[in-house]
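This report describes selected features of a model with more than one chain. It takes up single residues, helix packing and the contact between chains in turn.

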Amino acid sequence: MPRVLLIETDRQLAKNLQSYLELNDFIVDIHSDIQNAIMSTDTQCPDVIILDLILAGRSGIEFLYELRSYPEWQSVPVIATGHISQDELSHYGSAFEQLNVSAYLPKHSAFDRLAGEIRKLLQPAKV
Amino acid sequence: MTLSDDLALPLLQVKSSIELLQAKDFAKQVARRHAQESALSIDSGLQQIEAYRLLLGSTELDKLPMEPLAISALLEEIAHKLTPYAKQYDTEIEVSTQHRLAPVLVHQPSLSSALEVLSSSLIRAQVAQTEAKSYQIVLGAHSSPGNAIAAGVFSNVQGLSDRTLRAARSLVGRARQPLPAVPAGAAAGVLVADMLCAALWQPLRAAAHNNLPGLATSIPSSKQLKFV
């Protein structure tokens, strides 16, 4: 089963999304802080990362810079989520491109849309 | 900006619970748990709106009905009310007050709302900052210089100092994350509690209670009430 690393600050949102993705045949690891997320990436080797852009203390972009600095993690697909307006999103555009972000979904996106996006990113290798 | 993020969080929690329930036929017990979680999220959102409403009304101080209050009883009441919410975040709430504190004369709904919204924000912030199996939060009060009582919320949340609070006050409405160490979804609660306390007593300050850091407001105690 494909493995998803979910980096999300709110415990309840994370647990609900984890349950939904597990129902859809994904294995999900949850983390709220960057250091544990990096360690989890090393030990669990996720197929996809879902990243909340606004974390406590450090931003999701910082996580991405650290993640992409390791050669083995330069191509793992990342879906960024958050509450970002279209204007702000255009500012993030170049960083997303540079850091190889596969997709951005607003945080209020339906779970099935997120699951669809993950499947799309994993095709044809895993799903 | 932060307030909208904070109000979006309980709505997102409810939405995600409903989406999960729609995804599969869950056992009644699981469905009931998600319904309870949704109710707690709704309470949390309403609590933030109530604190904001009281803040808007705090400009007419002379019209607010003041009443004598024992801080320890109020803290016990808040702890009891927030315990189910805290459990969702694997957090235990403890009340710790100094013995024989003098009563205070306050607008009870405002003090209650400020401490409640501060507590629930710090519960969420603590879990977002560090990953642990369980967490603790203390609602505490002790006498402080100048015939006052310091009442506040104490926990292991990092990055809350007088300096970061001052910076955050100047960034309200302009920055997405005025308190950088606190995630979106918890900062507005801290700042609304701070503004409510500032309007009625003293703004929040970094403080410690039994060596645990936190934020507290200083409320003048009433010597006359002590003798009643």
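B:A132 is found in the loop between α4 and β4 (135–144) of chain B; helices (H or I, at least four residues) and strands (E, at least two) are DSSP runs, numbered from the N terminus. B:A132 is exposed, with 12 other C-beta atoms within 10 Å. A residue is termed buried if 20 or more other C-beta atoms lie within 10 Å of its own, exposed if 12 or fewer, and partly exposed in between, with C-beta atoms placed from the backbone. From B:A132 to B:A23 the C-alpha distance is 30 Å, and the two are 109 residues apart in sequence.

The model is predicted: local features need pLDDT of at least 70, side-chain atom pairs count only at pLDDT 80 or more, and totals for chains, interfaces and linings use all residues. Residues are numbered from 1 along each chain as its sequence is written, while chains are lettered from A and ligands numbered from 1 in the order in which they are written.

**Helix packing in chain B**

Helix α6 (residues 187–200) of chain B packs with helix α4 (residues 108–129) of chain B at an angle of about 155°, their axes being 8 Å apart. Axes are lines fitted to C-alpha atoms, for helices over the stretch in contact, and angles run from 0 to 180 degrees between N-to-C directions. This angle makes α4(B) roughly antiparallel to α6(B). Angles under 35 degrees count as roughly parallel, over 145 as roughly antiparallel, 65 to 115 as roughly perpendicular and the rest as oblique.

Helix α6(B) also packs with helix α2 (residues 28–57) of chain B: their axes come within 9 Å and cross at roughly 30°. The helices α2(B) and α6(B) are therefore roughly parallel to each other. The crossing of α2(B) and α6(B) is left-handed, and α4(B) likewise passes α6(B) in a left-handed crossing. A crossing is left-handed if the near helix is turned anticlockwise from the far one by less than a right angle, and right-handed if clockwise.

In the first of these contacts, B:S110, B:S113, B:A114, B:V117, B:L118, B:S120 and B:S121 of α4(B) meet B:G189, B:V190, B:V192, B:A193, B:L196, B:C197 and B:L200 of α6(B). Residues are in contact if their C-beta atoms, placed from the backbone, lie within 7 Å. The residues of the contact of α4(B) with α6(B) comprise nine nonpolar, five polar and no charged. Ala, Val, Leu, Ile, Met, Phe, Trp, Tyr, Cys and Pro count as nonpolar, Asp, Glu, Lys and Arg as charged, and the others, Gly among them, as polar.

On the α2(B) side, B:Q48, B:A51, B:Y52, B:L54 and B:L55 meet B:G189, B:V192, B:A193, B:M195, B:L196 and B:A199 in α6(B). The contact of α2(B) with α6(B) divides into nine nonpolar residues, two polar and no charged.

B:S110 is found in helix α4 of chain B and counts as buried, with 23 C-beta neighbours inside 10 Å. Leaving aside neighbours within four places in sequence, B:S110 is in contact with B:L54, B:S58, B:L196 and B:L200.

**Positive phi in chain B**

Most residues other than glycine have a negative phi. Two residues of chain B that depart from this are set out below.

| Residue | Phi | Loop | C-beta atoms within 10 Å |
|---|---|---|---|
| B:R100 | about 55° | between β2 (91–97) and β3 (104–106) of chain B | 8 other, exposed |
| B:N210 | about 50° | between β6 (205–209) and β7 (212–220) of chain B | 10 other, exposed |

**Helix α2 of chain A**

In helix α2 (residues 34–44) of chain A, the buried residues are A:I34, A:A37 and A:T41. Seen down the axis of α2(A), these buried residues fall within an arc of 55°, so they line one face of the helix; the arc is that of the directions from the helix axis to the C-beta atoms. They pack against β1 (3–7), β2 (27–31) and α3 (60–68) of chain A. On the other side of α2(A), A:M39, A:D42 and A:T43 are exposed. A:C45, just after α2(A), takes a positive phi of about 50°.

**Contact between the chains**

Chain B places 31 residues in contact with 23 residues of chain A. On the side of chain B that touches chain A, α1 (2–23) and α4 of chain B each supply at least two residues. The largest share of that side, eleven residues, comes from α1(B). The residues of the side of chain B that touches chain A divide into 14 nonpolar, nine polar and eight charged.

Methods
Contact = placed C-beta atoms within 7 Å.
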